[in-house]
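Could you look over the notes below on the internal cavities and one helix? Comments are welcome.

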Amino acid sequence: MVREVDGAWRPLLTVDRTDAGSTVPQAFDRDGRRLLVQTSAGANTARVLWIDVATGEQEVVAEDPDYDVSSVSTDALTHQPLIVSFERDRLHTQAPDSEIERDLNKLAALDDGDLVVASSDRENRRWIVSYVHANGPTASYLYDRATSQHTFLFYDRPGLAGRLHDVEPFSFTARDGLRIDGYLTFPEGNAEKVPTVLLVHGGPRARDVWQLRPAAQWLADRGYLCVQVNYRGSTGYGKAFTAAGNREWGGKMQDDLLDAVAWVVEAGYADPARIGIYGGSYGGYAALAAAAFTPEVFRCAIDVCGPSNLETLLRAIPPYWTPMAAEMYEAVGNPDTEPEFLRSRSPLSHVENMKIPLMIVQGANDPRVPQSESDQIVAALRNNGVPPEYLLFDDEGHGLEKPENRLTFFARAEQFLAEHLGGHCESEPA
């Protein structure tokens with residue numbers, strides 16, 4: 001909305017629920033005649049626009065047909081857009097201004113990490129720049145634009161330098177023709193037919209990126225190939241890609257994970273007889289769904305705070321999520337009008353198929369995925385004679401935050417994976 005001289009308000013840009021999450025006003029220009037906006041309104045991917053306040057006319061500043069804009073920075077004095085970034089397989093940073101683009105090109109030669117301009121002085125003459133690495137610490141420099149000189153400042157975690165595992169982007173074509181991207185973190189040595197863990201991100205409206213992921217590095221250190229997949233329904237690839245995940249929990253979203261497994265097996269990286277799956281929240285659901293729908297593919301599964309029954313999950317939406325209920329029903333299903341569909345996609349409804357070893361982890365105070373979601377699947381598995389290892393933390397919510405609980409989980413999880421996949425495992429202290 002913009003306000004006229006007479007005090008009346010009028011809309012400048014109208015967006016629906018699909019575009020609301022990507023729409024971020026950035027700044028007015030110096031004269032107040034144009035508004036810089038990041039939005040996917042009128043396009044598949046989020047882009048950067050100037051919108052004329054008087055006429056509503058739009059001018060595209062930056063866009064990518066396949067990836068959403070991930071960030072925009074503006075000049076503190078002029079409010080002009082300086083740098084626009086897109087999270088492709090790696091972070092891509094560009095500048096509308098040719099002089100700044102030259103600076104970015106010079107900085108790209110300094111380090112092979114993903115370049116982030118973290119801050120600048122008000123005159124935009126000196127920058128703090130950081131280089132993000134997926135296999136090492138972030139390096140930060142002071143850069144003088146006038147002289148093109150740089151001064152190293154610090155590593156954020158210097159003890160990690162040279163001690164982590166390589167992370168490579170990869171992509172494949174899903175069974176229905178959709179392109180899917182992901183990342184592979186390789187263990188030390190010859191990566192041929194090694195035990196493999198599919199690490200599924202939560203959300204599902206989120207995505208994995210090329211940066212340091214402690215869980216992936218932990219798995220690689222224990223001898224596993226770690227596979228991360230931005231399955232359909234993930235964000236960052238435009239509205240159509242995200243919407244392709246609607247009503248596909250346990251369906252095509254799960255197929256994308258299976259197709260990723262088939263890809264790493266066909267590439268010769270993964271041992272098909274030693275593949276596990278691990279994830280939290282939606283990733284925990286995917287782990288349970290893998291055990292319920294395709295137990296022949298996986299040797300074992302770890303579920304951290306994952307829902308087991310989509311109907312009961314959606315009937316237990318916490319009060320602060322009420323405004324998002326319609327969006328969740330669109331993405332997953334409506335418990336009031338299609339409970340049978342939700343049950344068909346629920347691991348609990350197929351518990352008789354769940355024969356592989358399972359570890360289930362839950363916080364007792366979880367407001368998003370209540371403890372009952374884990375309790376009911378654990379009880380059903382015990383009744384079927386295949387009791388899972390159940391870790392219930394009384395002082396946790398959605399996920400594990402307390403260091404002592406995280407250490408307990410990782411110690412138990414690596415023992416579990418070593419038993420069933422054959423990777424390395426540190427003995428617990430006496």
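The points below cover the cavities first and the helix α3 afterwards.

1. This is a predicted model, in which local features need pLDDT of at least 70, side-chain atom pairs count only at pLDDT 80 or more, and totals for chains, interfaces and linings use all residues. Residues are numbered from 1 along each chain as its sequence is written, and side-chain values use heavy atoms, with hydrogens and water left out.

2. There are 2 cavities of 30 Å³ or more. A cavity here is a set of points on a 1 Å grid over the protein atoms alone where a 1.4 Å probe fits but cannot get out, and lining residues have an atom within 4 Å of a point.

3. The largest cavity comes out at about 40 Å³. Its lining includes Pro204, Arg205, Trp249 and Met253, and by class it splits into 4 nonpolar, 4 polar (Gly among them) and 1 charged.

4. The second largest cavity also has a volume of about 40 Å³. Among its lining residues are Tyr183, Thr185, Arg213, Ala216 and Gln217. Two elements, β15 (179-185) and α3 (214-221), each give two or more residues to this lining.

5. How much of α3 is buried? Of its 8 residues, 6 are buried (under 20% relative accessible area, 1.4 Å probe, protein chains only). Those are Ala215, Ala216, Gln217, Trp218, Leu219 and Ala220. The cover over them includes β14 (167-173), β15, β17 (225-230) and α11 (403-421).

6. One backbone detail: Gly223, just after α3, has a positive phi of about 100°.

Conventions: On a 1 Å grid over the protein atoms alone, a cavity is a set of points where a 1.4 Å probe fits but cannot get out, and a pocket is an open set with protein on both sides within 12 Å along at least five of seven lines; lining residues have an atom within 4 Å of a point. Grid points are joined across faces, edges and corners, and a volume is the space filled by probe spheres set on the points. Helices (H or I, at least four residues) and strands (E, at least two) are DSSP runs, numbered from the N terminus. Buried means under 20% relative accessible area, exposed over 50%, partly exposed in between (1.4 Å probe, protein chains only). Contact means heavy atoms within 4.5 Å.
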